[in-house]
Amino acid sequence: MANYAYFDASVQELVVIDDLLSALVGIEGRCISMKKVRSKEDEFNFQIDPSMDLTLQELAKRIFPLCKSFLLINQFVESRSQFSKGLVNHAFTAALGALLLDYQAMVAQLEHQFRLRRLSIQGLWFYIQPMMGSMQALSIVIKKVIADDLMGSSVLNLLQSQAKAMAGDSAVRSLLEKMAQCASSAYLSILERWVNEGIIDDPYGEFFIAENKSLHKESLTQDYDAKYWKQRYSLKDGIPSFLSNSAGIILTTGKYLNVMRECGHNVQVPVSEDSKLVKFGANHHYLECIKTAYDFASGELLNLVKEKYDLMGKLRSIKHYLLLDQGDFLVHFMDIASEELSKRSDDVSVEKLQSLLDIALRSTAAAADPSNEDLTCCLERSSLLKKLATLKDLITKAEIDCQEEAVSLDGLETFSLSYKVVWPLSIVISRKALTKYQLIFRFLFHCKHVSRQLCGAWQVHQGIRALNMRGTAVPRSSLLCRSMLKFVNSLLHYLTFEVLEPNWHIMHGRLQTAKSIDEVIHYHDFFLDKCLRECLLLLPVLLKKVERLMSICLQYAAATQWLISSSVLIPKSDALADMGPAPTKSKQGKSRGPPQALKVATGNATVTESILNFEKEFNSELHSLGPILSSSSQAEPYLTHLAQWILGVGNES
């Protein structure tokens with residue numbers, strides 16, 4: 001390297017300007033050299049010959065940062081232009097490449113001025129000022145992108161945050177915002193296809209919505225814990241800041257379009273030139289486009305589910321059968337299936353029950369319902385209490401101390417109904433929703449069965465009403481039977497008219513005004529959870545008490561035939577069953593009773609003791625239920641009416 005101290009200052013200036021013009025585009029000169037920084041691959045240091053005039057050295061050193069920025073940006077453009085680095089980086093480097101062309105044109109113009117001897121080093125410093133701040137700001141962004149290997153929305157967020165940080169320099173801020181818009185063009189094209197077609201066209205994983213292809217829509221009808229609707233499509237980290245407030249709407253819009261596409265209903269959001277997502281800006285036009293797409297997708301899916309797939313009709317049908325809104329089919333079914341249901345659960349034939357159910361459906365008002373073919377029989381593997389204990393999202397195991405059943409269950413305790421639901425109705429009426437319906441059905445079915453058995457016991461008492469039962473336990477048994485019947489019927493009235501009907505009416509009204517399928521799901525789930533709680537199914541202490549009372553009622557109803565026949569002498573085993581209407585009185589006022597073979601038996605201490613035991617146990621459980629209901633009604637006001645009825649039965653007893 002020559003010793004420039006011997007040259008005149010004007011000559012030194014010409015040499016420095018010539019080398020600086022070369023350095024500005026990454027080329028070494030005679031007095032300015034480039035050296036790569038050891039610790040960093042993509043960074044160079046520029047040095048000027050120390051024999052140069054000190055003033056020229058200082059001015060040159062001020063220009064070196066621009067030279068370094070050019071090299072850094074140029075290398076970034078070359079290394080990140082491949083699609084493997086993501087579409088956003090590709091678009092960003094394209095914008096940077098355009099900027100570098102402008103930069104190189106500026107250097108070429110300065111070189112032309114230099115050749116015409118019209119450029120001094122101070123003039124060079126003056127002309128490059130507009131580029132200094134811009135290139136420096138871009139260098140900061142690029143260093144962070146390289147250091148953290150950023151892609152997609154992370155690059156967009158970085159550009160926007162840097163633009164906001166440059167609020168004091170409007171030119172630099174404007175440049176960074178322009179770069180962000182250019183880089184976002186590729187991202188917006190992915191977004192546009194998602195909100196308009198429901199398709200994720202994201203080959204490099206840059207989009208903020210993830211698709212879990214392992215989750216299938218069939219799981220909604222098979223798995224209680226199915227995550228399809230919430231996790232098939234989900235939000236990832238790194239949402240672009242300009243879309244952060246709209247991320248939920250964007251996710252939902254594409255989900256709705258996907259549902260319709262999987263139904264074979266190919267629908268696409270109408271797109272005009274005004275509604276294309278070409279860029280984001282301060283006017284927030286892109287947000288209006290997203291809202292328009294959401295409104296369209298939401299309305300189309302809601303109409304599809306309500307009109308073509310008749311959501312309300314299916315919900316009414318489920319209400320008729322699983323909530324026993326029209327129970328005439330159940331009465332007929334219990335008549336013809338009682339023998340099969342009384343068997344041990346393992347011995348019950350589900351196929352036979354299904355055929356009997358079909359007969360009951362065809363023989364009653366349910367025959368007019370086209371959806372009755374979707375109703376099927378099933379047998380659960382455990383009791384109602386144990387089933388509740390397994391559903392961790394409804395109730396914790398600590399709340400229900402449910403031991404293994406000591407004896408095997410019969411068909412009556414495990415019988416349930418199910419309902420065939422097709423896609424896309426399974427989004428609303430999922431396996432979880434159906435399980436909740438089945439829990440309510442099993443409780444209602446059990447109450448109906450207990451009521452039916454007690455009615456049979458009551459008829460037995462009515463059959464011997466005309467006989468003189470003084471001195472026997474029959475009158476006391478009759479009073480006990482009436483108390484039990486009133487308890488069960490009061491419970492059924494509460495469940496039906498205080499819980500299910502009012503809550504259904506509220507849900508029905510809300511579904512009519514729902515604006516989206518997610519609102520429909522919310523209102524339907526809220527209805528089911530409210531019904532479960534108000535039907536005592538989520539209140540283990542109360543439920544176990546009620547189950548215990550109904551168990552006593554069933555034991556008493558089963559023993560009634562023996563109790564009555566032990567109090568009345570019956571020569572033939574079927575005499576009681578064939579007993580006619582109450583006897584009439586003759587003209588002399590004497591009762592013309594049944595055949596002489598039927599005589600009153602007195603002094604049966606065993607029968608009296610049995611009835612007293614049933615009465616004592618029933619009243620004890622009933623009276624212990626009263627305080628629990630009263631205290632619970634303070635926190636759960638809906639229990640007030642049930643408490644009044646139960647206490648009323650207890651007081652009568």
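Biologist: Cys289 has its place in helix H10, which spans residues 285-308. Is Cys289 buried or exposed?
Modeller: The model is predicted, so the answer rests on a computed accessibility. The relative accessible area of Cys289 is 9%, and a residue counts as buried under 20%. Cys289 is therefore buried.

Biologist: Which C-alpha distance separates Cys289 from Asn196?
Modeller: Along the chain, Cys289 and Asn196 are 93 residues apart. In the model, the separation of their C-alpha atoms is 9.9 Å.

Biologist: How many helices and strands does the protein chain have?
Modeller: The protein chain consists of 653 residues, of which 49% count as buried. Among contacts between residues at least 6 apart in sequence, 74% join residues at least 24 apart. As for the elements, the chain has 21 helices and eight strands.

Biologist: Which element of the protein chain has the highest mean pLDDT, and which the lowest?
Modeller: The chain averages a pLDDT of 83, and 85% of the residues score at least 70. The element means reach 94 for the highest, helix H18, and fall to 38 for the lowest, strand E8 (residues 599-600). Over residues 569-603 the pLDDT is below 50, although this stretch has 36 contacts in the model beyond near neighbours in sequence. The names asked for are H18 for the highest and E8 for the lowest.

Biologist: Are H16 and H18 roughly parallel or roughly antiparallel to each other?
Modeller: Helix H16 covers residues 431-463 and helix H18 covers residues 517-534, with their axes 10 Å apart. They pack at an angle of about 30°, and angles under 35 degrees count as roughly parallel. H16 and H18 are therefore roughly parallel.

Biologist: How many nonpolar residues are in the contact of H16 with H18?
Modeller: On the side of H16, the residues are Ala433, Lys436, Tyr437, Leu439 and Ile440. They meet His524, Phe527, Leu528, Asp529, Cys531 and Leu532 in H18. With one polar and two charged residues in this contact, the number of nonpolar residues is eight.

Biologist: Are H16 and H17 roughly parallel or roughly antiparallel to each other?
Modeller: The axes of H16 and helix H17 (residues 474-513) come within 9 Å. They cross at roughly 150°, and angles over 145 degrees count as roughly antiparallel. H16 and H17 are therefore roughly antiparallel.

Biologist: How many polar residues does the contact of H16 with H17 have?
Modeller: The crossing of H16 and H17 is left-handed. By class, their contact has 18 nonpolar and two charged residues, while the polar ones number five.

Biologist: Which residues of H20 make the contact with H17?
Modeller: The axes of H17 and helix H20 (residues 605-635) come within 10 Å and cross at roughly 30°. That makes H17 roughly parallel to H20. From H17, the contact takes in Arg476, Ser477, Leu480, Ser483, Met484 and Phe487. From H20, the residues are Ile611, Leu612, Phe614, Glu615, Phe618, Leu622 and Leu625.

Biologist: Asn489 also lies in helix H17. What is the relative accessibility of Asn489?
Modeller: The C-alpha atom of Asn489 is separated by 8.3 Å from that of Cys447, a residue 42 positions away along the chain. Asn489 counts as partly exposed, a class that lies between the cut-offs of 20% and 50%. Its relative accessibility is 37%.

Biologist: Asp310 and Leu324 each have a positive phi although neither is glycine. Which relative accessible area does Leu324 have?
Modeller: Asp310, with phi near 50°, is in the loop between H10 and helix H11, and it is partly exposed at 38%. Leu324, with phi near 55°, is found in the loop between H11 and helix H12. Leu324 is buried, because its relative accessible area is 9%.

Biologist: What is the omega of the peptide bond from Trp423 to Pro424?
Modeller: Pro424 is found in the loop between strand E6 (415-419) and H16. The peptide bond that joins Trp423 to Pro424 is cis, with omega near 10°.

How values were computed. Residues numbered from 1 in each chain as written. Predicted model: local features only at pLDDT ≥ 70, side-chain atom pairs only at ≥ 80, totals over all residues. Heavy atoms only, no water. Axes fitted to C-alpha atoms, helices over the stretch in contact; angles between N-to-C directions. Helix = DSSP H or I, 4+ residues; strand = E, 2+ residues; numbered from the N terminus. Parallel < 35°, antiparallel > 145°, perpendicular 65-115°, else oblique. Contact = heavy atoms within 4.5 Å. Nonpolar A, V, L, I, M, F, W, Y, C, P; charged D, E, K, R; others polar. Left-handed = near helix turned anticlockwise from the far one by under 90°. pLDDT = per-residue confidence, 0-100. Buried < 20%, exposed > 50% of the residue type's maximum accessible area, 1.4 Å probe, protein only.
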